[in-house]
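Please look over the structure below, with attention to its helices, its nonpolar packing and its cysteines. The briefing that follows is grouped by those topics.

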Amino acid sequence: MNIFDYAIVVIYLVLLVAMGYSFRQQNTKKDYFLGGRTLGWQALTLSIMATQLSAISFVSAPAFVGLREGGGLQWLSYELGVPLAMLLVLSTILPALYRSGFVSIYDYLEKRFGRSTRILISFVFQFSRAFATGIMIFAVSLILQGTMGIEAWQAIVLTGVITVLYSLQGGMKAVVYGDAIQMIIIVLGTIACIGFGMYYLGGFSEFVSKVDPSRLNAIKPESFGFDGEGFGLLPMIFGGFVLYASYYGCDQTQAQRALAARDTKDLRYMMLANATVRFPITLLYCFSGLIVGTLAMTESSFMVQIPADNPDWMMPIFILNYLPHGMIGILVVAILAAAMSSLSSAINSLAAVSIEDYCRLTNKKLEPEDYLKKAKYVGLVWGVVTLVLSFYAGDIAPTVIEAINKVGSVFYGPILAVFLLAVIDKSLGAREINIGLITGVLINLIVWLTMDMVFWFWWNFIGFVTASVMAYIVKMVLGGSYRAPDTANEVVGEKVSILTKSDIIILIASFVTMLAICAFIPTLIV
């Protein structure tokens, strides 16, 4: 990097802080955590995708596709469960959460089951989200260390301080609009990598002649994920369905965007857009990895710079060595932007959950000004905690993106079971749900530690089924513990779906289209 590249990075960071400062005026907790429910679906869609398709996706997904042993375009099969997950959450969980009017989605569980369930699942969320975000920041710090020539700890501090400054000042509006800008930068950066990578390969025909054909297979229908092989078609559909339903409907970082929508129409549009636009963007990530990976395999001077045990370095090394100055600065901004998107979302959602937990557990009703002040202090604490965790994050998978998803897959299934049963079955109470949740997580941990042959995407489905079945077993053996809801806002047992027939057709058509593209990619390229 030269002074021009550094100037681009500095200007971007200054503008980001200024944007957060411009949104500093908030009067209530809904202003701070939900943007006053004035946000449109377009900005929310970009925000939710920026958090999901983060810096790790920008760097680690291409590494998986282009270099990782056993990798390739099968990464696309991650997306197959998204449209099906949207069918579930839009017909059950999200409408119920939106109509409840809560800031923290765990408030809904307290009204439905009682305080014990709220505390239990809130703890699970805060632990898993802080840990996963710490892993992500750790990975990005290594990337910035290589590109900007700074120490890893300096990269962590730089990312953390700037993110905390703009997200704490501007609240949800700063997070959403910051994410929207960052998403545009990430997509443009990915397109630039594809263009320059193709140029250095010598064009499309040269790419086709040099690409490893085994990396073009996007689905593996012959693998069931129980023989040590990963990314089989069935685990990616069933496990992905549970993972994304839980992520978009039961994770505060994502559900908070849904709660911030202006109305249920914007909520629908946001989730439908996410279900249909995610896949083309993931295609861009994957093809950038395929092209840059092919270039690395054909040029020994490139390959020798990539650590054998860390393919995540592929994209940063490509950016530094093959892109012109100015473009390098923009791509470093893209990496920073993606990291900040994930961190700002985590800080805001963790603060929302923690301050609401504090108010519930202490039975304190804070004045708006006092509430906002405490919320910002809590957000600052979570920012520090997450950054401290990032200093100690270790490797638990060949690529960081897999590590984060493995951690999440322990919890996503049981959490989905809790929220889904809360909405659709009014006969279950706290005892059944709590035992089901704990059992689902414990079974997943046992599978992780003792059953290496089971592909980790199955953990989502296993945890969901275990938690659901155990809740009903407890009810059958010990009798139901359901108590009458103490709020008039209770929607259990009511029709809550906001899906239209055209929405259902769009989502099913999206699933079929994704499956067809994945099946025919090898014949379309070669």
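In H1, the residues Asp5, Ile8, Val9, Tyr12, Leu13, Leu16, Met19 and Gly20 are buried (buried means under 20% relative accessible area, exposed over 50%, partly exposed in between, with a 1.4 Å probe and protein chains only). This is a predicted model, in which local features need pLDDT of at least 70 and side-chain atom pairs count only at pLDDT 80 or more, while totals for chains, interfaces and linings use all residues. Residues are numbered from 1 along each chain as its sequence is written, and side-chain values use heavy atoms, with hydrogens and water left out.

**Helix H1**
- The face of H1 turned away from its buried side carries the exposed residues Ile3, Ile11, Val14 and Leu15.

**Nonpolar cores**
- The largest nonpolar core (buried Ala, Val, Leu, Ile, Met, Phe, Trp, Tyr and Cys residues joined through side-chain atoms within 4.5 Å) has 160 residues, and those with the most contacts inside it are Phe58, Leu109, Leu267, Met271, Phe302 and Phe419.
- Helix H13, a DSSP run (H or I, at least four residues, numbered from the N terminus) spanning residues 264-298, gives the most to this core, with 15 residues.
- Apart from this core lies another, of six residues, among them Ile355, Cys359, Tyr371 and Leu372.
- Leaving aside neighbours within four places in sequence, phenylalanine 419 is in contact (heavy atoms within 4.5 Å) with Ile93, Leu97, Ile105, Tyr106, Leu109, Ile121 and Cys250.

**Cysteines**
- Cysteine 193 is buried, with a relative accessible area of 0%, and cysteine 250 is buried with 2%.
- Counting as a disulfide a pair of cysteine sulfur atoms within 2.5 Å, the total comes to zero.

Methods: Helix = DSSP H or I, 4+ residues; strand = E, 2+ residues; numbered from the N terminus.
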